[in-house]
Amino acid sequence: MQYDVIVIGSGPGGYVGAIRCAQLGLKTAVIEKYSTFGGTCLNVGCIPSKALLDSSEHYHNAAHNFDAFGISLKDLKVDMAKMIARKDDVIGQNTAGITFLFKKNKIDSFQGVGSFVDKNTIKITKADGSTEQITGKNVIIATGSKPTSLPFLPVDKKRIITSTEALNLKEIPKHLIVIGGGVIGLELGSVYARLGSKVSVVEFAKSIIGTMDGGLGKELQRVLKKSLGMEFYLGHKVTGASAKGKVVKVTAEDPKGQEVTLEGDYCIVAVGRTAYSEGLGLENIGITVEERGKKIPVNAHLETAVQGVFAIGDVITGAMLAHKAEDEGVYVAEYIAGQKPHIDYNLIPGVVYTWPEVASVGKTEEQLKEAGVKYKAGSFSFKASGRAKASGDTDGFVKVLADATTDEVLGIHMIGPRAADMIGEATVAMEYRASAEDIARICHAHPTYTEAIKEAALAATANRAIHA
């Protein structure tokens, strides 16, 4: 065999897994079909969307909040071309970083579409149609996912678009219709709402960010409506969308079955993502994907039905998160090397990068109730946080859920300033099976946003928050 490990795909799961394989002394190759490494996350997902979120947040603060801080501005305007150019530069820096890391770790890279000839032989089909083959003892499938398309929502990539096209608009929409009230739809919707677009979110479920704790969705909806004027059509079933000229029409049924029609100039279809498992030649090695979502079945060690062929990230079951894929990449590398790695899927945090940010780890109240687990809940509002008052970020709260008998923390959920960073403390605490009392006894620097975690933990232990 030419390689110990061949990785198909260079997104967060693929490139991290490849680097860990190389660190462990395994001769490693990566196959990437695009001209740059990094997959969806670095090229058209996490990184560029955060770049635009930061740009739009700076503009929104300058336009609406700076005056309260004694900063006066006039003739403020958005240079959309420059904003997009900055986003592209951020992408370039990150993808170049992976190229450097591959060279540093002596990882061979191939550009083209990888597919199985047999379980150890991968054919690489290049852009010009030419092919070559490489062999490896083990193969890691890390091909990620793509935006889900629905037959009654034809995407023309001009007016009816996916998240990919939404990152490259040349103008600020007058009225942006977002189909889907999940993470992607809300993040991109908030980007353009901050820049001045009217944004309408149409969601089939009765709440936004439905997989997270119910209280977070309610608070986020309230804040986005208050601060950005975003409209929400919840419990609405989209029945179609059409574009004519510069006008997009979206039709939906409201909870009573009445037809609702929305007109805008752009529509983002953000109804989820589908595993990218087509064209891999899986049928050549006896792997059958799941009918729904096209995901590849794996066992507890992330190994497929074929020995030596593994799959990680969005292409298998579970949350479609870059950091989940990264941990799975490391897991498979260490498992191949004979180690005994471990992933606790209950402790993979989820984040929504709106403002305020939303973050969650562990069980939600809804899950605990459904499982019949007796628990205690403690909440603390950022309205009572000295640091939040100083920065003007008083929306949101932290909620700590703890076992009613043992006081072990079962879940921590937050919406507020820098929640994406603060969830790390919660995850560490739960990884070491901390009690709410443990968190409450830890000295937190003052004034910081993380004091809200301590106060919520105090509230969960005998309702003794100091500043509530």
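A residue is called buried when its relative accessible area is under 20%, exposed when it is over 50%, and partly exposed in between, with a 1.4 Å probe and protein chains only. The legends below describe a predicted model, in which local features need pLDDT of at least 70 and side-chain atom pairs count only at pLDDT 80 or more, whereas totals for chains, interfaces and linings use all residues. Residues are numbered from 1 along each chain as its sequence is written, and side-chain values use heavy atoms, with hydrogens and water left out.

**Figure 1. Overall view of the protein, with its 13 helices and 22 strands.** Helices (H or I, at least four residues) and strands (E, at least two) are DSSP runs numbered from the N terminus. Of the 468 residues, 53% are buried. Along the principal axes, the C-alpha atoms fill a box of roughly 65 × 60 × 45 Å. The radius of gyration, taken over C-alpha atoms, is compared with a globule rule of 2.2 Å times the number of residues to the power 0.38. For 468 residues, this rule gives a compact globule a value near 23 Å, and the protein agrees because its own value is 23 Å. A contact requires heavy atoms within 4.5 Å. Among contacts with a separation of 6 or more, 63% are made by residues 24 or more positions apart.

**Figure 2. Surface and charge of the protein.** About 22000 Å² is exposed, and carbon and sulfur atoms supply 51% of this area. The areas come from the Shrake-Rupley method with a 1.4 Å probe; for residues, only the protein chains shown count as cover. There are 53 positive and 53 negative side chains, and the centres of the two sets lie 3 Å apart. Lys and Arg count as positive and Asp and Glu as negative, while His and the chain ends are not counted. Each charge is placed at NZ of Lys, CZ of Arg, CG of Asp or CD of Glu.

**Figure 3. Close-up of helix 13 (residues 451–460) and its cover.** Nine of the 10 residues in this helix are buried. Among them are Glu451, Ile453, Glu455 and Leu458, together with several alanines, including Ala452 and Ala460. The elements covering the buried residues include strand 20 (375–381), strand 21 (397–403) and strand 22 (409–416). Helix 11 (419–431) and helix 12 (436–441) also contribute to this cover. Ala462, which follows helix 13, has a positive phi, near 65°.

**Figure 4. Close-up of Asn138 in strand 6 (residues 131–141).** Asn138 counts as buried because its relative accessibility is 16%. Leaving aside residues up to four places away in sequence, Asn138 touches Asp4, Val5 and Ile6, as well as Gly308, Phe310 and Ile336.

**Figure 5. Close-up of aromatic pairs.** Rings of Phe, Tyr and Trp (its six-membered ring) pair if their centres lie within 6.5 Å; planes under 30 degrees apart count as stacked, over 60 as edge-to-face and the rest as tilted. By this rule there are four aromatic pairs. Phe37 and Phe102 are edge-to-face because their ring centres lie 4.8 Å apart and their planes meet at 65°. This pair links distant parts of the chain, 65 residues apart: Phe37 belongs to the loop between strand 2 (28–32) and helix 2 (39–44), and Phe102 to helix 4 (residues 80–104). Both Phe37 and Phe102 are buried. Phe310 and Tyr335 form another edge-to-face pair, at 6.0 Å centre to centre and with 75° between the planes. Here Phe310 of strand 17 (residues 309–311) is linked to Tyr335 of helix 8 (residues 322–336), 25 residues apart. Phe310, at 2% relative accessibility, counts as buried, whereas Tyr335, at 27%, counts as partly exposed. Ring pairs join Phe310, Tyr331 and Tyr335 into a cluster.

**Figure 6. Close-up of backbone features in loops.** Most residues other than glycine have a negative phi, and most peptide bonds are trans. Trp355 and Pro356 are joined by a cis peptide bond with omega of about 5°; Pro356 lies in the loop between strand 18 (350–352) and strand 19 (357–362). A cis peptide bond also joins His446 and Pro447, with omega of about -5°, and Pro447 is placed in the loop between helix 12 and helix 13. Asp75 has a positive phi, near 55°, and is found in the loop between helix 3 (46–64) and helix 4. Lys106, not a glycine, has a positive phi of about 55° and lies in the loop between helix 4 and strand 3 (108–111). Asp75 counts as exposed at 71% relative accessibility, and Lys106 counts as exposed at 71%.
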